[in-house]
Amino acid sequence: MMTALPRTAGLRALRDHRAAWAFGVLLVTWAAAILFANGFDSVSSVRYLTQTASFLGIIAIGQTLVVMMSGIDLSVSSVVALSAVVCAQVSAGHGGAAGILVGLAVSLLVGLVNAVGVLWLRVPPMVMTLATGTIVAGSLLVYTNGSPKSAKIGLLDSLANDRVAGIPLAFVLWLAITAVAVWLLHASRVGRYVFALGTSQEASRASGVPLGVTTFIAYGACALLAGVAGLVLLGFTATSSLTMGNPYQLLSIASVVLGGTSILGGRGHVLGTVAGALLLTLLTALLTAWNLSEGVRQMTLGLLIIALLLAYARERRT
Amino acid sequence: MALLTVDRVSKSFAGNRVLHEVSFDVRAGEVLALVGENGAGKSTVLSLITGMQAPDAGELRLDGEPLRAWSPLRARAAGISSVHQELSLNPHQTVAENVFLGQWPARRGLVLGRDLARRARPLLERVGLDVDPRTRAGRLSLGQQQLVELAKALVCAPRLLILDEATSALDDDQVQAVFRVVRELRAAGSSVVTVSHRMAELFAISDRLTVLKDGAVMATRDRAGTDHDDIVRLMIGRELSDLFPAKAAPTKAATAPALRARGLTVPGGCAGVDLELTPGRILGLGGLQGQGQRAVLRALFGLARHGGEIELAGRPAKLSSPREAIRARIAYVPEDRKVEGLHVAQSVRANLALTNLDTVAPARRLTTVDRNAEAGLVADLIDRMRIKAASPSQEARRLSGGNQQKVALARWLPSEPRVLLLAEPTRGIDVGTKREIYHLLRRLADDGVAVLVTSGDTMELVGLCDEVAVMYEGAVVERLAGGDLTEERLVRASVNPAVTHA
Ligand SMILES: Nc1ncnc2c1ncn2[C@@H]1O[C@H](COP(=O)(O)OP(=O)(O)OP(=O)(O)O)[C@@H](O)[C@H]1O
Ligand SMILES: [Mg+2]
C-alpha cells in the first residue's frame, strides 16, 4: 500500500505496519538497554545516541529515496569520505565556506554520475554505484597522497557538537532533513513518481512518469546527503580520513530495510528509516558497552540485523 | 454422477463477502460454464477448486469425497488442471520448459533440451500452436502464451480442466483450437469448467451454464433451455438493450484529423501503415491476432521506436516517448494491463492519481499532492466508471479483471485526451460493462476524441467502429466502413487478405 503523510502524519505512519514495527522494536530495545545495561539511563547518553545516530540517519534518508525507486546506492561510503576530505583540503587554502560548498558540489556530482549511468548507460544501480564509489575512493587516495588533512571549521564544529535547548544540533539537522524527505516522498509529485517507479518500471513508463528527472533527484539527493553527513562527521572529529565512511555503507541500507522499506522498492516510509538508524546506533552502543571485541561485535550486529529482518521486515510473497 | 460438487461454500476477504453459499456440481463428461459480471466471484470459486484458497464455510467434494487439506499440488495429483486468467509463464524459459514446468522429463537427473522439445511438440499441436518449442515464452504474443498455458494444463491428462478466461486473448482460429481440445476431453469423459465473457463462445461449447451474481448462484440452466438474453438477465438483474451505441453520423463536413500517420513502420511489428484518426470517429484495427496492431498503438504512444511521419492536428510531430505522447494529449490503454496498464501493487487511488498529478499536485502548491482534490477525483472516477472496489486504497491487483480494466481506462479521462488508443478494451470484461465501455467510447468520440481500438472480437469491431482497418503481417490490407463493415467481410479480409485484396 502506498502510504501518505497528510495532516494525520502520525496515524498514517502507524498504519504502515512495518515502519511502525521499527519504532516498536526501537522502544523495546531502548527500554531493555535502560533496564539491563549500564549508562543508558542518563540524559547525556540519549544525547550521545541521537547525535551519533544523526550521521548514519542523514545518509539513510538519502538511501531511502533511492531504495524506494528500487535502486541502491553503494557509493555513499566513498562520498562521505569525499566531501570531508575535499572540504578539509579546500578549506585549508580558501576558508571553511569554500570548503563546504566544494565538498557538497563534488558529492552531488557523484550522485549525478550515478544517475547518468543508471539512466542512460543502463548499468544496474548496484554495479554503477559500486563502481563510482571505487573510483571516488581511488581518486581520493591520489588527491591526498594517502594523507588527508584535518580541519577545524567553525560552522561544522558547532553543527556537529553544539546543542539547542539541550538537543544536539546534528539531530535537529537530521530531523529537518527528514521533514523535507517526508514531504518529498510522501506528499509531493516526485514522491508519487518514486513509488510508481519502485513498483513497476513498465507501468510507470506507460503512465508518463518522468524517469529521468526522478532518477536524478533520487541519486542526487542521496549523494548530497551523504556529503552532508561527511561534513558533519568532519566537524565531529575535526579530521578527515579515507575510510571514515566505511561503516555507513551497509548500515545505511540496513536502516532502510529495518525501517520497513522494501529493498525491492515501492513500499515503505521515510520515518521508518529514522527508527532503523536509531535502532542500529543503539545496538552498536550496546555491544560496545558490553565490552565485546571488535570482531565479535561485528558478528553479533550482523546476526541481530538478520534476526530483526526475519522478525518483521521480510519481503512479502506476492 | 457428479465429478465435483461445490456445496454451500462461502468466502470473505477482509470482511468483504465474495462468495455466499455457492452450490453447483460438475458432472463427468460435461462442459459447465460459469457466468457472471466482473467481480461476481467466478475466479474465487475456481481458486477453491484448484486449492489456491480455502473456503470459510461449506464443502467441496470430488467423487463424493470431501476435499481435506486441499492444495494446488493435491488438486493436480487428483487430475484437476487449470488455465488461469493471469498468465503465469516464465518469459525467460523456452516454451517447452514452460509446458513441463515442475515435471521436466529427466535422464539421470539431466534435463534434456532436445527431449523436452520433442515431447512438447504434440501438445502444442493439440492446442493448435505452431511455434518452435525452443522459443522463449516471453517472445510469444499474449494469445500464444495463453495457448501454451493450455498445453501446460494438458500435460497430465486432466479429469477436470478449468479454463478461467482462457480464450480472452485469442482470435477466432485459436478459439476453435481450444474448442477442439475441450470437445476431445469431453468425448473422453473428462469435464471442463469454463469462464468467459464472450457469450457466443459459452453457448457454442457448454452443456450447462451456472450464473453467479454478487457471489451467489442465481441459477443453473441447460444450454438447450436458455438463451443469451435469459443469461444476461440473470447475470446483471435487468434487460440489456442496445449493446452497441449508434455510430457517428456519416461525414459532417470533413473534419481535420487529430492524428495522421504515414508509412508508420516498427521493425518487426508493422510496415508502411497509413492512418487518420479523426475527432468524433472510432477507428478499429482488425485482423488476426498479432498482425502488428499492437505495434501501431505502441508507436503512436511513443513506446516503440518507429519510422514514418506523424502529424498531430496538421503539424508534424515526433513521438519518441510516452511523455511526449501524453503531452500531445494521447492516451493509451495497453492490452496487458497487469504489466503496463496498471501499477498492480499500488492502490486504486494511487493508480488513478498518477496520470493526473498535474491537476492533483499543481505547481502552485509546489507540487504537493492535494489530498482533497485527489480524493474527489478518485471518488468521481470510481463513481463515473462504476468501479467495484472495496475502497480506494484497495490494491489494484485485488480487483477483478474487469474492474482493473476500468481503472486502466478511467485514469486517462480527467486529462481529456484528444486521441485515445485502446488495445483490446473489453478483454475479460462482462457484457454489462462492455456495453458501458462501448457507450463511453462513443460519448468520448462525440465530444471530439479520436479513438483507435484493436480487438480480436470481430463482433465488437463491427458493432463499435465507424471504420475498420484490417491488418495482415504488419500492413493494412483492407479498409471497411459503412455497409461494407460486416462480420463476414471482416473475417474474410483477415484470414485471406490476398484474395480480397486482388
Ligand atoms: N485476495 C483478495 N483480497 C481481497 N479481495 C479479493 C481478493 N480476491 C478477490 N477479491 C474480490 O472478490 C471479488 C470477486 O473476485 P473474482 O476475481 O472472483 O471475480 P470474477 O468473477 O472472477 O471477476 P472477473 O470476471 O472480472 O474476472 C472482487 O470484488 C474482488 O475484488
Ligand atoms: Mg475472474
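1. Salt bridges first: in this predicted model, chain A and chain B share two of them. One you can look up right away pairs the side chains of A:Arg189 and B:Asp358, with N to O at 3.4 Å. If you're going through polar contacts as well, there are 14 residue pairs between chain A and chain B, counting those with both partners at pLDDT 80 or more.

2. Which parts of chain A face chain B? Helices H8 (169-186), H9 (189-199) and H10 (201-206) of chain A are the elements that each put two or more residues on that side. H9(A) gives the most, with six residues. Sorted by class, this side of chain A has 14 nonpolar, eight polar and six charged residues.

3. On to the area. Chain A and chain B bury about 2,500 Å² between them, and carbon and sulfur atoms give 51% of that. Of what chain A buries against chain B, 27% comes from A:Arg189, A:Arg192 and A:Ala206, more than any other three residues supply. A:Arg189 is thus worth a second look, given its salt bridge to B:Asp358. By residue count, the contact takes 28 from chain A and 32 from chain B.

4. Now for a helix in chain A, H4 (residues 76-94). Its 19 residues reach 26 Å from first C-alpha to last, close to the 27 Å expected at 1.5 Å a residue. Buried or exposed? Of the 19 residues of H4(A), 16 are buried, so the helix is largely enclosed by the rest of the structure. Just after H4(A) comes A:Gly95, with a positive phi of about 95°.

Definitions and conventions
Residues are numbered from 1 along each chain as its sequence is written. Chains are lettered from A and ligands numbered from 1 in the order in which they are written. This is a predicted model: local features need pLDDT of at least 70, side-chain atom pairs count only at pLDDT 80 or more; totals for chains, interfaces and linings use all residues. Side-chain values use heavy atoms; hydrogens and water are left out. Contact means heavy atoms within 4.5 Å. Buried area is the accessible area (1.4 Å probe) that two parts lose on being put together, summed over both. A salt bridge is a side-chain nitrogen of Lys or Arg within 4 Å of a carboxyl oxygen of Asp or Glu. A polar contact is a pair of N or O atoms within 3.5 Å; within protein, one must be able to donate a hydrogen and the other to accept it, and residues adjacent in sequence count only if both atoms are side-chain atoms. Helices (H or I, at least four residues) and strands (E, at least two) are DSSP runs, numbered from the N terminus. Ala, Val, Leu, Ile, Met, Phe, Trp, Tyr, Cys and Pro count as nonpolar, Asp, Glu, Lys and Arg as charged, and the others, Gly among them, as polar. The expected span of a helix is 1.5 Å times one less than its number of residues. Buried means under 20% relative accessible area, exposed over 50%, partly exposed in between (1.4 Å probe, protein chains only).
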